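Trainee: Please take a close look at a single part of this chain for me. Start at one spot and work outwards from there.

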Amino acid sequence: MQEIIEPIIHKAAVTELKLMLKTTGLSIGDSAQLHLEDDTRIAVYAHIHKRRFLIRRRVLARFGYLGAHATPLLAPALRRGDHMRVRVVDLTPEHLAPNGKAEMYISVWGTARHFHARPAPPLMPLTPNEQSLASGLSRG
């Protein structure tokens, strides 16, 4: 039986970009990989084309990191080795960016039952005044 994958993160920014996007050959729709680093940050890797002495080869290179908001959601799945589909959804190379800084965004898809949202905060108990108002509403 094949499981249905759903979007877990629609669009997440990749921060601390290490490579110049205009020289990597990366484009929208390319696949990427997520790796949990030792310091619990999530690194984003993708295959790029490197050229040396007219020989082109594909190399897995680290582009940057996901923000802190993604770590609680994705880290348990990465530790378990769950299958995730990661794609580049938006790229702005340095020479096209208005501020001169490259931007890269990815989306993460997976089986939703493997990803658990944070539990809701506990509800505050009702004050006596609120309890009397609530009981009055339930009667009439």
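Mentor: Start at G81. This glycine follows α1, and its phi is positive, near 80°. Helices here are DSSP runs of H or I with at least four residues, strands are runs of E with at least two, and both are numbered from the N terminus. Residue numbers start from 1 along each chain as its sequence is written, and the model is predicted, so local features need pLDDT of at least 70, side-chain atom pairs count only at pLDDT 80 or more, and totals for chains, interfaces and linings use all residues. Side-chain values use heavy atoms, leaving out hydrogens and water.

Stay by that glycine. R80 and D82 form a salt bridge, with their closest N and O atoms 2.8 Å apart. The term means a side-chain nitrogen of Lys or Arg within 4 Å of a carboxyl oxygen of Asp or Glu. D82 is buried at 18% relative accessible area. R80 is partly exposed at 47%. The cut-offs, with a 1.4 Å probe and protein chains only, are under 20% for buried, over 50% for exposed, and partly exposed in between.

Now go back into the helix. Which residues of α1 are buried? They are T71, L74, A75, A77 and L78. What do they pack against? The buried residues of α1 pack against β1, β2, β3, β4, β5 and β6. Contact means heavy atoms within 4.5 Å.

One of those helix residues, L74, leads to the core. The largest nonpolar core has 27 residues, and L34, V44, L66, L74, M104, I106 and V108 touch the most other members. At least two core residues come from each of β1 (6–15), β2 (31–36), β3 (42–52), β4 (55–66), α1 (71–80), β5 (84–92) and β6 (103–110). Such a core is a set of buried Ala, Val, Leu, Ile, Met, Phe, Trp, Tyr and Cys residues joined through side-chain atoms within 4.5 Å. In soluble globular proteins, nonpolar side chains tend to be buried together.

Take V108 next. Beyond its neighbours within four places in sequence, V108 contacts E6, P7, I8, I9, L34, L74, M84, R85 and V86. The helix residue L74 is in that list.

Move one step back, to S107 in strand β6. S107 is buried, with a relative accessible area of 4%. Its side chain makes a polar contact of 3.4 Å with that of W109. A polar contact is a pair of N or O atoms within 3.5 Å; within protein, one must be able to donate a hydrogen and the other to accept it, and residues adjacent in sequence count only if both atoms are side-chain atoms. Leaving aside neighbours within four places in sequence, S107 touches I9, H10, R85, V86, R87 and V89.

R87 brings in the strand pairing. S31 stands opposite R87 in β5. β2 and β5 run antiparallel, joined by two bridges. Two strands pair if DSSP finds at least two bridges between them.

Follow β2 onwards. β2 and β3 pair in the antiparallel sense over four bridges. There, Q33 has Y45 in β3 as its bridge partner. The two strands form a hairpin with five residues between them, and T40 in the turn has a positive phi of about 65°.

Y45 carries you across to the next strand, standing opposite R62 in β4. β3 and β4 are antiparallel over ten bridges. They too form a hairpin, with two residues between them; F53 in the turn has a positive phi of about 50°.

β4 also pairs antiparallel with β1, over two bridges. V14 stands opposite L66 in β4, and L66 is among the core residues that touch the most other members.

Finish with the charges. A search of the whole structure finds three salt bridges. Besides the pair flanking the glycine, D90 meets K11 at 3.3 Å, N to O. That pair links distant parts of the chain, with D90 in β5 and K11 in β1, 79 residues apart. D90 is partly exposed at 22%, and K11 is partly exposed at 49%. E16 forms a salt bridge with R41, the closest N and O atoms being 3.0 Å apart. This pair joins the loop between β1 and β2, which holds E16, to the loop between β2 and β3, which holds R41, 25 residues apart. E16 is partly exposed at 42%, and R41 is partly exposed at 29%.
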